[in-house]
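Here are a few exercises to work through with the structure open beside you. Try each task before you read the solution under it.

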Amino acid sequence: MQSSAHTADGAAPVPRLAAHFASLEVQTHAARLGMWLFLATEILLFAGLFVCYGCYRFLYPEAWAAGSRSLDLTMGTVNTVVLITSSLTAALAVHYAKEGKNKMVGIMFALTLLMAIGFLVIKYFEYSHKFHIGTLPGRYYTYEGMQMPGITLYFTVYFCSTALHALHVLIGMGVLTVAMIRAFTKADFGPNNFTMVELGSMYWHLVDLVWIFLFPMLYLV
Amino acid sequence: MTPSSSLDTAGAAPHGEHHDHHPSYLVDGTTIKSWLLTVDHKRIGLMFLFWVLLFFLVGGIFALLIRIELLTPGPTIMDAMTYNRTFTLHGLVMIFLFMIPAIPAVFGNFMLPLMLGAKDVAFPRLNLASLYIYLAGAVIALWGMLNGGLDTGWTFYTPYSTHTTTTVAPVLFGAFIIGFSSIATGINFIVTCHTMRAPGITWFKMPLFVWAIYATSCIQVLATPVIGLLLVLVTVENLFSFGMFDPARGGDPVLFQHLFWFYSHPAVYIMVLPAFGVMSEIVSTYSRKNIFGYRAVAYSSLGIAFVGFFAWGHHMFVSGQSTFDAGVFGVLTMLVGVFTAIKVFNWIGTVYKGAVDFKTPFAYFCGFLFFTVFGGMTGIALGTVSLDVPWHDTYFVVAHFHFIMVGATIMAFLAALHYWFPKMFGRMYHEGWGLVSAALIILGFNATFIPQFLLGNNGMPRRYYDYPERFQALNVASTAGASLLAFGFIIIALYLAYALVYGKAAGKNPWRSKGYEWVSESPPPTHNFVGPQPTFPEEPHFYVDPKKAEVPDAV
Ligand code: HEM
Ligand SMILES: [Cu+2]
């Protein structure tokens, strides 16, 4: 079954309308709605962790205070800034895609990806420090400096949520890489055909948004 | 629409022969690849049907093994550990691989676009992906079950599930993956309802089956991620002892129960709402009447979906919950009963003074009404804290959930299978056999589970391998009922398989239904409609005068 009509070669980017949609607007609307719903499920996925966080924070307030003080606030803050900036470049990519400036789309996504790598590198240093001193979840917790009920649970929540977030960073990077390559090689994004760029950067905003929740929860309060 | 179809003539030639330009979806491409890589919602629905039936068979065989084991006190055919694995496998397969996808993934997939006058669902490739994600999850979970097995029951309660030495990780990971399939299907249906309705189909002209699937999809999308996360946490904990739900490390096992039932209570509506939707279609078609209180039925689906999210605590009345919480959850539980009652009264109102055409699907409707009302009443009883405390974790609960969710879903699944069989395959099955097997199934079901109500009330706990002598008579009765049930299913399999090959040609609209899905050919062509997109000037359940048997083909 043919699901998309392909364009004549060389012509200006022509939007692809799948056979089963009534019009392009409807098709874009559907894609956007689908993505919003998907993002809602992603937030709900993290919401489960937030509930665990809330419950245990309530049960072990001292451990939570001590745990969050032991994190490196500088690294966390830098990472937050890096991620917010990367969200900005992702948004700019959408802006350029609508104008058909494919090269700029590629560059913006490349910048986003660069910052994503930066984020992960910083995360790597944070993790390795914890592995080193032994502030690890559950039975792996060996750190002598902080001993109180619930402290291992703090690190369980810390590692589970940051690891899940990091996994989302990786997935997002995969999506943006594909979009970037398409922008550079095919250059077919334009005023009528930017859904992929838009949805990709929406996903990236989600990654950013989740971090904006995690950062104050884990590092600040 | 092309007015005539060659399939209308009895004993017509094989499908498609006269449809050179618009072959039915069944014969449009006959290679294996054209099936496995299809993006046609109808073929995907059919493939789901195949797998769902297969898993139903697997789960059914394990159900019979459970029943045979419980025929006598003490060991009968297996040891205690095998028994634990058997009921876990039974529950898991039935819930995650049969009940949850059964109606939405098979009939939802097949009928939703037809009922909306659309050529396909919004994201056909995502639709195909959801089939393969489902299969991948099933393979991983079953592989785990066969290599070590899981003995926690399908509820995976911690801290037992984080400590048991049986294979937790692959089974839970498999279930996690199946969740993605469920989410993908849900998103697809919601977007389809929002963007693909044919001109003229406003929200309140959508068939009630579509409403039910829509409400179900909302629950799937909202609840599944939470259990997805939970399954991952339990898996991680089982592998690495992170202590998230382990009291020995300061974790809280009751938190697990909260999160688990936050999904799993709404999940029972994922199973039963589509069943309600099917019944609304059937009751209208066979009573030849517009559905009584269409809006009330539509809204009550949303109402059930909504309050379903606030009732989970009734699974935890004995978990040390405060009396106040228990009271609140009890009241919220009963609200679900109110919305269900709205539907029940509307169905009865529809049948009242209708010109009832007592065909097989209508027989299932009658069984359904009984199971829903009876099972629902026991649910209300269980929602009463003082009654739940003695009944908790006894066979009373087993009987209750089998009555309401299995009873209602199985009735609806079989009703849908018979009602839409002509649409899907263009053939008719034998009505006499249909009625006989429906009677057998309904009888067998009652014979299986009514004794379990009595057992539970007398204090036999669930998930027990052994029991005192005095429970035996009722257990034998239950096993006898289960055999009757199995017998009924075998008959259905036989005559439907026969009908598939030798059945009379059905014609476009053998039930003379006003449902939108009958506007297209039976079986429909690949893009659902020949010619331009149809318009639907009338409401989906609009019968002018029930007493006039002459109901013209829908426009
Ligand atoms: C042939 C009909 C069936 C029979 C005879 C049967 C029998 C049983 C029995 C004896 C149990 C064990 C209860 C216990 O030990 O606690 C059980 C559990 C269960 N059954 Fe069925 N069953 C049947 C069909 C189904 C179907 C179609 C479903 C689909 C949802 C289903 C879902 C469950 C669930 C969820 C459990 C609970 C498993 C657990 O507690 O881990 N059953 N069934
Ligand atoms: Cu419940």
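## Exercise 1: Two salt bridges to sort

We're working with a predicted model. In it, Glu99(A) and Lys101(A) make a salt bridge, with 3.0 Å between their closest N and O atoms.

Task: decide whether each partner, Glu99(A) and Lys101(A), is buried, partly exposed or exposed. Then do the same for the salt bridge of Lys42(B) with Asp40(B).

Solution, step by step:

- Start with the cut-offs: buried is under 20% relative accessible area, exposed is over 50%, and partly exposed is in between.
- Glu99(A) has a relative accessible area of 41%, so put Glu99(A) down as partly exposed.
- Lys101(A) is at 41% relative accessibility, so Lys101(A) is partly exposed.
- Now go to chain B, where the closest N and O atoms of Lys42(B) and Asp40(B) are 3.1 Å apart.
- Lys42(B) comes out at 0% relative accessible area, so Lys42(B) is buried.
- Asp40(B) sits at 3%, so Asp40(B) is buried.

## Exercise 2: A link along chain A

Task: find where in chain A the partners of the salt bridge between Arg32(A) and Glu198(A) sit, and say how accessible Arg32(A) and Glu198(A) are.

Solution, step by step:

- The side chains of Arg32(A) and Glu198(A) meet with an N to O distance of 3.1 Å.
- Arg32(A) belongs to helix α1 of chain A and Glu198(A) to helix α6 (residues 195-220), so this pair, 166 residues apart, links distant parts of the chain.
- Arg32(A) is partly exposed, at 31% relative accessible area.
- Glu198(A), at 13%, is buried.
- Stay in helix α6 of chain A and you'll also find Asp208(A).
- With a relative accessible area of 9%, Asp208(A) is buried.
- Leaving aside residues up to four places away in sequence, Asp208(A) touches Leu83(A), Ile84(A) and Ser87(A).
- The C-alpha atoms of Asp208(A) and Val82(A) are 9.7 Å apart, while the two residues lie 126 residues apart along the chain.

## Exercise 3: Where the chains meet

Task: describe the contact between chain A and chain B. How many residues does each chain bring, and how many salt bridges are there between them?

Solution, step by step:

- Count the residues: chain A gives 33 and chain B gives 36.
- Check the area: the two chains bury about 2900 Å² between them, with 77% of it on carbon and sulfur atoms.
- Look for salt bridges between chain A and chain B: the count is zero. Over all chains, the count comes to eight.
- Look for polar contacts: eight residue pairs across this interface qualify, both residues at pLDDT 80 or more.
- Ask which helices take part: on the side of chain A that touches chain B, α1 (24-59) and α5 (151-185) each supply at least two residues.
- The largest share of that side, 17 residues, comes from α1(A).
- Sort the residues on that side of chain A by type: 23 are nonpolar, nine polar and one charged.

## Exercise 4: Nonpolar cores

Task: how many residues does the largest nonpolar core have, and which have the most contacts inside it?

Solution, step by step:

- The largest core has 237 residues.
- Those with the most contacts inside that core are Phe107(B), Phe245(B), Trp347(B) and Trp420(B).
- Helix α13 (residues 395-425) of chain B contributes the largest share, 21 residues.
- Another core lies apart from this one and has twelve residues, including Met78(B), Tyr83(B), Tyr467(B) and Phe471(B).

Conventions. Residues are numbered from 1 along each chain as its sequence is written. Chains are lettered from A and ligands numbered from 1 in the order in which they are written. This is a predicted model: local features need pLDDT of at least 70, side-chain atom pairs count only at pLDDT 80 or more; totals for chains, interfaces and linings use all residues. Side-chain values use heavy atoms; hydrogens and water are left out. Contact means heavy atoms within 4.5 Å. Buried area is the accessible area (1.4 Å probe) that two parts lose on being put together, summed over both. A salt bridge is a side-chain nitrogen of Lys or Arg within 4 Å of a carboxyl oxygen of Asp or Glu. A polar contact is a pair of N or O atoms within 3.5 Å; within protein, one must be able to donate a hydrogen and the other to accept it, and residues adjacent in sequence count only if both atoms are side-chain atoms. Helices (H or I, at least four residues) and strands (E, at least two) are DSSP runs, numbered from the N terminus. Ala, Val, Leu, Ile, Met, Phe, Trp, Tyr, Cys and Pro count as nonpolar, Asp, Glu, Lys and Arg as charged, and the others, Gly among them, as polar. Buried means under 20% relative accessible area, exposed over 50%, partly exposed in between (1.4 Å probe, protein chains only). A nonpolar core is a set of buried Ala, Val, Leu, Ile, Met, Phe, Trp, Tyr and Cys residues joined through side-chain atoms within 4.5 Å.
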